[in-house]
Amino acid sequence: MPYILGEDRNQLNLLPNTLEDFVYEDNPVRVIDAYVDSLKLEELGFAVFSGSKAGQKPYRRQDLLKLYVYCYMNKIRSSRMMEIEATRNIELMWLIGKIKPDHGTISSFMKINKNAIKQLFKEFTLMLKGFGLIDGTLVAIDGTKLKASCAKNKHYNENIIKEKLEYYETKIEEYINGVLNTTDDENRKQKINDKIECYQERIKKLNDIKEELKEQGKKQICLTDSDAKSMKNNGKFEVCFNFQGVVDNKNKLIVDFDVVNDVNDQGQLSNMVKKAKEVFEDQNITALADTGYFNMSEIVDVVDEQTEILIKPQKGKQQKVENGFDKSNFKYDQINDVFVCPMGYCLNFKWNGKQNGKDFKRYTCVNYNECGKKEVCTSAKGGRSIIRFKD
């Protein structure tokens, strides 16, 4: 026999296999089973049904949660695909006892228990902490862009609206001239009139969107997902979300996350550090972030005796760095409350101000006409200024 053959589909077994035989002892699906069975779902906020009322019996919440967790761990997010997997995946059959919930039931379970599922993730993180798998000694913060489910023609801003309006008005003018030049062909006239009406409807829609942007004080809008924004992603602009994550150094496990629509990371440092501190209460933690998070007001907001931030400052303007007049070259004299420039001149206190709710002091040079270096130091007519946060 030249080939290895499988078992005959019609072969009857005297001792048929059980589902237990198909799931080996160290299969991760057993961890999901044990973990979900250990949870008190009602305390976490899950909607739990008694099953004693008249009518169709509900599925156990534990089984639907096991289905949800297993599918997400295996990159299956569609409720319809979850429905299919429940009928063909041996591991999943073992996990949920071969129940076959439809996609509507699965989708409804997710929607109703959205907040409870978020709370479950937090409880899971605390369990990891209890097992010593995360310790908070060093955490890394970073972000990535997630492309939204949005076509390009469903995203609008002022420039896009302006360009489209100009294009539609030009096309209408062309078609009107076409009607004027068409004298005998009634069918063609009707087609041209239909196209003109179509463009007029589009213009009306664009004007409505323009008015909506003005009323809401927004600069852009996405029709299919109102929370998404256009942001730079992989060298091009796409409609995205900004995913933020905190990862513990010990076993590279995620501590917490957030999804925002900020186009960059500069305003997210304090948000993510605070999330990490909620997990590691009363602990000393060190947070590591890249240059994209460098924002002095954000740093001041979270740094304390228990929190250290390791972050690379943003580069100054290349020309100032090369000429030695970058802000880092100005030394602060705490006794006299002045900044001293590389030429030895003082920048005296000018006035107090606020930036993002943080108090700062502004220092301004008055000797800029004497040092002979004003052109390489600053382009401001009133001389070089530096701000210093009071904290």
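A disulfide, for the purposes of this walk-through, is a pair of cysteine sulfur atoms within 2.5 Å. By that test, the structure, which is a predicted model, holds 0 disulfides. Two of its cysteines are still worth a look. Cys 71 has a relative accessible area of 0% and is therefore buried, since buried means under 20%. Cys 222 is buried too, because its relative accessible area is 2%.

Let's turn to the nonpolar cores. The largest one has 29 residues, and the members that touch the most others are Phe 46, Leu 65, Leu 92 and Leu 95. Seen by element, two or more residues of this core come from each of helix H1 (28-37), helix H2 (41-44), helix H3 (61-73), helix H4 (79-88), helix H5 (90-96), helix H6 (103-112) and helix H7 (114-130). Among these, H3 gives the most, with 6 residues. If you would like one residue to centre your view on, try Leu 65. Leaving aside residues up to four places away in sequence, Leu 65 touches Val 36, Leu 39, Leu 41, Phe 46, Phe 109 and Leu 120. A second core, separate from this one, has 21 residues, including Val 246, Val 255, Ala 287 and Val 302.

Next comes the empty space. The largest pocket holds about 2000 Å³. It is lined by 39 residues, and those closest to its centre are Tyr 68, Tyr 72, Ile 117, Phe 121 and Phe 257. At least two lining residues come from each of H1, H3, H7, strand S1 (138-147), strand S6 (254-260) and helix H10 (269-279). H7 is the top contributor to the pocket lining, with 13 residues. Sorted by class, the pocket lining has 27 nonpolar, 4 polar and 8 charged residues.

Closed-off space is another matter: searching the whole structure for cavities of 30 Å³ or more turns up 1. About 80 Å³ of space lies in the largest cavity. Around it you will find Phe 325, Phe 330, Cys 341, Met 343, Leu 347, Cys 365, Tyr 368, Cys 371, Lys 374, Cys 377, Thr 378 and Arg 384. By class, the cavity lining comprises 9 nonpolar, 1 polar and 2 charged residues.

Now for a residue that faces outward. Phe 237 sits in strand S5 (residues 236-248). With a relative accessible area of 59%, Phe 237 is exposed, because exposed means over 50%. Not counting residues up to four places away in sequence, Phe 237 touches Ser 230, Met 231 and Lys 232. To get a sense of scale, measure from Phe 237 to Tyr 363: the two are 126 residues apart in sequence, and their C-alpha atoms are 38 Å apart in space.

Finally, here are two loop residues with backbone angles to check. Lys 98, in the loop between H5 and H6, has a phi near 65°, a positive value in a residue other than glycine. Asp 282 lies in the loop between H10 and strand S7 (285-289). The phi of Asp 282 is near 55°, again a positive value in a residue other than glycine. Asp 282 also counts as exposed, because its relative accessibility of 71% is over 50%.

Note on methods: Residues numbered from 1 in each chain as written. Predicted model: local features only at pLDDT ≥ 70, side-chain atom pairs only at ≥ 80, totals over all residues. Heavy atoms only, no water. Core = buried A, V, L, I, M, F, W, Y, C linked by side-chain atoms within 4.5 Å. Buried < 20%, exposed > 50% of the residue type's maximum accessible area, 1.4 Å probe, protein only. Helix = DSSP H or I, 4+ residues; strand = E, 2+ residues; numbered from the N terminus. Contact = heavy atoms within 4.5 Å. 1 Å grid on protein atoms, 1.4 Å probe; cavity = no way out; pocket = protein on both sides within 12 Å on 5 of 7 lines; lining within 4 Å. Points joined across faces, edges and corners; volume = space filled by probe spheres on them. Nonpolar A, V, L, I, M, F, W, Y, C, P; charged D, E, K, R; others polar.
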